[in-house]
Amino acid sequence: MSVRRLAEDQFQPASFAFNAENTVFEAATIAKYPEGRQQSAVIPLLMRAQEQDGWVTKATIEYVAQKLSMPYIRVLEVATFYTQFQLKPVGTRAHIQVCGTTPCMLRGSDELIKVCQHKIHHDPFHTNAEGTLSWEEVECQGACVNAPMVIIFKDAYEDLTPERLEQIIDEFEAGKGADVPVGPQNGRHLSAPEGGALTLLDDIKPVRTNLDPKPAPAAEGASVPPADAGHPKDTAPETDKSLKTPVTAPKAAAKNAKEAEKGESTTTSTKPAAKRGSKAEGAPAAEGAVAGEDKPKRTRKAKPEGEA
Ligand code: FES
């Protein structure tokens, strides 16, 4: 980016004043801000001054600083920081800002710049011989999908070819810039695909829409079975609800058969062994015995009378 300085003294007018219409705008804009915050109007006032005279002069900066009770340097900082403000005289009929950032460059912005150099002036910020046209290269203007593009005043002209830009420049030079349609210049609608839609062409019926009739509400008091929608689909045999008893494990069946042969056991139960110390299954409990105790219960000897 080049250093942004005010125009040389020979271009600077002696004074600045808003015309009648813009004086009304000035008062209304300043009144929007609360007491003590009028400095917030600095950008709207500078922009309106540029729209009136075509560029921001030194006298304009002094005027705005005095109007908003700001130091001159603070307004100068704003005017030189934002590239939207033109600090030198530009073409009276059109100042063409050519986007040269990567997407536009890949789509041919170099050719657009050559058109400007050929039809206006070799160097940016220089007017043509009549003083009606000028151009500059700018950074991305946020219309990359319609690259390459140019900005003229507040309007964007997109999807350009060198030939189309030449025609647009001629229109502005002839004072017919208002007749040029803004936006895409190749016939496409906004940033939609060229030639029509390319995707989502299948005629797919949505599964359900908000227009489908709602299911009838259940009668009051009627039992509604719980929904199964949130349950995972489980096809494992051990979770089959139709089975009433667990399937005997093959290992346990083999062990029971072996024990029956030896006669060591008469039971074929597959229950796990009773816990150590628990009452034997089936045997009557001894009188006074407590479940889980094998040994006789110790009792405390009665102390002889007179002992504490
Ligand atoms: S790169 Fe040109 S508009 Fe974004």
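**Close-ups of strand β1 and its sheet**

**View 1. Both faces of strand β1 are buried.** Here is a strand whose side chains split neatly into two sets: Ala94, Ile96 and Val98 point one way from β1, while His95, Gln97 and Cys99 point the other way, and all of them are buried. The model shown in this and the following views is predicted. With 6 of its 6 residues buried, β1 (residues 94-99) is largely enclosed by the rest of the structure, so look for surroundings on either face.

**View 2. Strand β2 runs parallel to β1.** Follow β1 across to β2 (residues 133-138), and you will find 6 bridges joining this parallel pair. One bridge to pick out links glutamine 97 with its partner in β2, glutamate 136.

**View 3. Strand β3 runs antiparallel to β1.** Joined to β1 by 3 bridges, β3 covers residues 150-152. Valine 98 has valine 150 as its bridge partner in β3.

**View 4. Five strands form an open sheet.** The order is β2-β1-β3-β4-β5, and the pairing is mixed. β2 and β5 (183-184) stand at the edges with a single partner strand each, so one side of each is left without a neighbour in the sheet.

**View 5. Strands β4 and β5 run parallel.** Here β4 (residues 155-158) meets β5 through 2 bridges. Glutamate 158 can be found opposite proline 184 of β5.

**View 6. Helix α6 lies across three strands of the sheet.** Spanning residues 109-119, α6 lies across β1, β2 and β3. Relative to β1, helix α6 runs at about 155°.

How values were computed
Residues numbered from 1 in each chain as written. Predicted model: local features only at pLDDT ≥ 70, side-chain atom pairs only at ≥ 80, totals over all residues. Buried ≥ 20, exposed ≤ 12 C-beta atoms within 10 Å, placed from the backbone. Helix = DSSP H or I, 4+ residues; strand = E, 2+ residues; numbered from the N terminus. Pairing = 2+ DSSP bridges. Contact = placed C-beta atoms within 7 Å. Axes fitted to C-alpha atoms, helices over the stretch in contact; angles between N-to-C directions.
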